[in-house]
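Colleague: I am new to this model and would like to look closely at one part of it. Please choose a single element and take me through it, along with whatever it touches.

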Amino acid sequence: MDGRRRSHYQLNDDTPVYVISVAAQLSGLHPQTLRQYDRLGLVSPDRTAGRGRRYSARDIELLRTVQALSQDEGINLAGIKRIIELENQVAALQQRVAELSAAVDGAAAVLQQREAQVHASYRRDLVKYQPPVAGNALVVWRPTQKRQGD
């Protein structure tokens, strides 16, 4: 190692890293507006041990969306909250559909595998029946009866 400590944290869009002043700058909103949105449940940032707000990149994007819906589309905050709830519900349902689709695909693969095993287990010494062709002799087979001594 080169002497530097390596971070074991994975940063992604859901990682809460921005304090309210930085989030306000990034979203183009006033910090008091962010507090109001938090109180209304529009955007709910994570909290530190000292109850300070920490916003993620996804929260910042949501703040921008709320602002656009409010300012550009003229939708009130209650309507925006309902839109966000429905979008979250749609995303959850899409995730569930993807999970169920994967489960169905897996079950179909197992079924095909089992079907192949059944086909592989067929007796190969049996001959497929072929109807007699005209002009062939007829052969009658009668099983012999067992003798009583056998």
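Modeller: A residue is called buried under 20% relative accessible area, exposed over 50%, and partly exposed in between (1.4 Å probe, protein chains only). The model is predicted, so local features need pLDDT of at least 70 and side-chain atom pairs pLDDT 80 or more, while totals for chains, interfaces and linings use all residues. Residues are numbered from 1 along each chain as its sequence is written, and side-chain values use heavy atoms, leaving out hydrogens and water.

The whole chain comes before the part. The protein contains 4 helices and 2 strands (DSSP runs numbered from the N terminus: H or I of at least four residues for a helix, E of at least two for a strand). Along the sequence these elements come in the pattern α-α-β-β-α-α. Of the 150 residues in the protein, 15% are buried. Among contacts (heavy atoms within 4.5 Å) with a separation of 6 or more, 52% are between residues 24 or more positions apart.

The part I have chosen is helix H3, which runs over residues 57-71. H3 has 15 residues, and from its first C-alpha to its last it reaches 21 Å. That is close to the 21 Å expected at 1.5 Å a residue, where the expected span is 1.5 Å times one less than the number of residues.

The buried residues of H3 are Asp 59, Ile 60, Leu 63, Val 66, Leu 69 and Ser 70. An α-helix has 3.6 residues a turn, so residues three or four places apart point the same way. The partners of the buried residues of H3 include other helices: they pack against H1 (20-27), H2 (31-40) and H4. A strand is also among those partners, namely S2 (53-54).

Take Ile 60, which lies in H3. Ile 60 counts as buried because its relative accessibility is 4%. Setting aside neighbours within four places in sequence, Ile 60 is in contact with Tyr 18, Ala 23, Leu 26, Ser 27 and Tyr 55. Pro 45 is 15 residues from Ile 60 along the chain, and their C-alpha atoms are separated by 9.5 Å.

One contact of Ile 60 is worth following to its other side: Leu 26, a residue of helix H1. Leu 26 has 36% relative accessibility and is therefore partly exposed. Beyond its neighbours within four places in sequence, Leu 26 is in contact with Tyr 18, Ile 60 and Arg 64. Leu 26 and Ala 57 are 31 residues apart in sequence, while their C-alpha atoms are 9.4 Å apart in space.

Next comes the stretch that leads into H3. Ser 56 is found in the loop between S2 and H3. Its relative accessible area is 3%, so Ser 56 is buried. Again leaving out neighbours within four places in sequence, Ser 56 is in contact with Asp 13, Asp 14, Thr 15, Pro 16 and Tyr 18. Tyr 18 therefore comes up repeatedly in this account, as a contact of Ile 60, of Leu 26 and of Ser 56.

Further back along the chain is Arg 51, placed in the loop between strand S1 (46-47) and S2. With 56% relative accessibility, Arg 51 counts as exposed, whereas Ser 56 is buried. The phi of Arg 51 is near 75°, a positive value in a residue other than glycine. Most residues other than glycine have a negative phi, and most peptide bonds are trans.
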